[in-house]
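Me: I would like a close look at a single part of this protein, with the terms spelled out as you go.

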Amino acid sequence: MIRFDDLTREERYYSATILPYLFAYNHFKGLSVFEEYLKSQNLISALSVIDHSIQILTEIYIERDLPYYKIEIPASSFEKKLNVQSKPDILIISEQALYIFECKVFMNESEYKLHQQILKQKYVFDIIKNTTQHSFINNLHILILPYEYDIADCVVITWEKLYSVLNSVIPKDDYFLMRLESAIQRIKI
């Protein structure tokens, strides 16, 4: 039978299905090992306490959702907003950390275009911080790409590096890890 799950080129399949599962794997062991990697690279200063307060959201449109529930967003949150809103692929919030992810899987975008997309998302940090009045120890904008690029204003991590980090706690025969491995193999072709 054809493995349609190994043929899809839809970015959201990886950013909204596979990656959240891998981070949430076995009570967030995937996220814990990912944070250990970030700390080992001096990208964050502290590891999150993994508990029920952790939030993982995909394709969030926060400036639409908060007002719907009558949660006011302070006007100062929009000072860095550019002309166009760009929804992050993944948002992870814990007591200690605020991570915004943009993910590209099968791409042919320039470093300039990727940087512009990152800049369009920066105000999301301000919305969350100003609305919650919470200080996060770790604030990181992460761009996951198939190739190593040098993009300002974010941390770039390749899918292959992410796979190598996550497979230290997730068994190789895990369905979602196998889908990620298959995608990485197709990226190399």
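Which residues line the second largest pocket?

Reply: This is a predicted model, in which local features need pLDDT of at least 70 and side-chain atom pairs count only at pLDDT 80 or more, while totals for chains, interfaces and linings use all residues. Residues are numbered from 1 along each chain as its sequence is written, and side-chain values use heavy atoms, without hydrogens and water.

The second largest pocket (an open set of points on a 1 Å grid over the protein atoms alone where a 1.4 Å probe fits, with protein on both sides within 12 Å along at least five of seven lines) is lined by E10, E11, R12, E59, S86, K87, D89, E102 and Q117, where lining means an atom within 4 Å of a point. Of these residues, 7 are charged (Asp, Glu, Lys or Arg) and 2 are polar, with no nonpolar residue in the lining. The space in this second largest pocket comes to about 150 Å³, counted as the space filled by probe spheres set on the points.

For comparison, the largest pocket holds about 190 Å³ of space, and its lining consists of Q55, L57, I60, I62, D65, L66, I71, L91, I93, I128, T131 and T132. Two or more of the residues lining the largest pocket come from each of β1 (55–58), α2, β2 and α4, elements that are DSSP runs (helices H or I, at least four residues; strands E, at least two). By class, the lining of the largest pocket has 8 nonpolar residues, with 3 polar and 1 charged besides, whereas the lining of the second largest pocket has no nonpolar residues and 7 charged ones.
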